[in-house]
Amino acid sequence: MKKTLLFISIALSTASVFAETLKVEMIDLGSGEKAGEVVIASSEYGTVFTPILQGLPTGVHGFHLHANGSCDAIEKNGKTVLGGAAGGHYDPKQTGKHGHPWSDDNHLGDLPALYVEENGTANQPVLAPRVKLSDVKGRALMVHAGGDNHSDHPAKLGGGGARIVCGVIK
């Protein structure tokens, strides 16, 4: 009886962990090929984004939640913007400001920067302390070409650059 109760207890706690985990397939916007996935899970400290990505340029990259659940390209000023249908960074309070993941006066979609190893893989988890799983569903998760200084100066949106990898969070 005790073993049965222990098994049921473990099964229920494991199920609740899995119920609070999302997997997002990430696509290279240039090639259309799969770039891996990001596992999103809640924790008592915020939401953890664990990348399992490959084929990315080495270095630090901007990593953000975008407002719309689409990775489609759009035309803007006569130019194609890969991932443009994702819209801007998720900003439910309409702050209009880019900033740190832990500050309250900026986009909620501002995540910690993503680090890509020399072999093109990214697997270091990042923690977004203000984000909840309910915030991410129906949004796009985006990796930008360049780094992110978590400011609008000297370049807007942290200077992250073009959108290179995207996934829709379902």
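**Exercise 1. Decide whether Gln94 is buried or exposed, and describe its backbone.**

Gln94 has a relative accessible area of 70% and therefore counts as exposed, given that buried means under 20% relative accessible area, exposed over 50%, and partly exposed in between, with a 1.4 Å probe and protein chains only. Gln94 lies in the loop between β7 and β8 (114-116), where strands (E, at least two residues) and helices (H or I, at least four) are DSSP runs numbered from the N terminus. Although Gln94 is not a glycine, its phi is positive, at about 55°. Most residues other than glycine have a negative phi. Asn77, in the loop between β6 and β7 (79-81), also has a positive phi, near 55°, and is exposed, with a relative accessible area of 76%.

The model is predicted, so local features need pLDDT of at least 70 and side-chain atom pairs count only at pLDDT 80 or more, while totals for chains, interfaces and linings use all residues. Residues are numbered from 1 along each chain as its sequence is written, and side-chain values use heavy atoms, with hydrogens and water left out.

**Exercise 2. Find where confidence in the chain is lowest and where it is highest.**

Begin with the chain as a whole, which averages a pLDDT (the predictor's confidence in each residue, from 0 to 100) of 86, with 82% of the residues scoring at least 70. The lowest confidence belongs to helix α1 (residues 2-19), with a mean of 40, and the highest to β11, at 98. Over residues 1-19 the pLDDT stays under 50, and the model has 0 contacts there beyond four places in sequence, a contact being heavy atoms within 4.5 Å.

**Exercise 3. Describe the aromatic pair and state which parts of the chain it ties together.**

The structure holds 1 aromatic pair; rings of Phe, Tyr and Trp (its six-membered ring) pair if their centres lie within 6.5 Å, and planes under 30 degrees apart count as stacked, over 60 as edge-to-face and the rest as tilted. The ring centres of Phe49 and Phe63 are 6.1 Å apart and their planes stand at 80°, so this pair is edge-to-face. Because Phe49 lies in strand β3 (residues 46-53) and Phe63 in strand β5 (residues 63-66), the pair ties together parts 14 residues apart in sequence. Phe49 is buried at a relative accessible area of 0%, and Phe63 is buried at 0% relative accessibility. Both are among the residues that touch the most other members of the largest nonpolar core, which has 27 residues; such a core is a set of buried Ala, Val, Leu, Ile, Met, Phe, Trp, Tyr and Cys residues joined through side-chain atoms within 4.5 Å.

**Exercise 4. Work out which cysteines form the disulfide and where they lie.**

The count comes to 1 disulfide, defined as a pair of cysteine sulfur atoms within 2.5 Å. Cys71 is joined to Cys166, with an S to S distance of 2.0 Å, and the torsion about their S-S bond is about -75°, so the disulfide is left-handed. Cys71 sits in the loop between β5 and β6 (74-76) and Cys166 in strand β11 (residues 163-168), which places the linked parts 95 residues apart. Both Cys71 and Cys166 are buried. Ser70, in the loop between β5 and β6, is buried as well, with a relative accessible area of 16%, and Cys166 is one of the residues that Ser70 touches.
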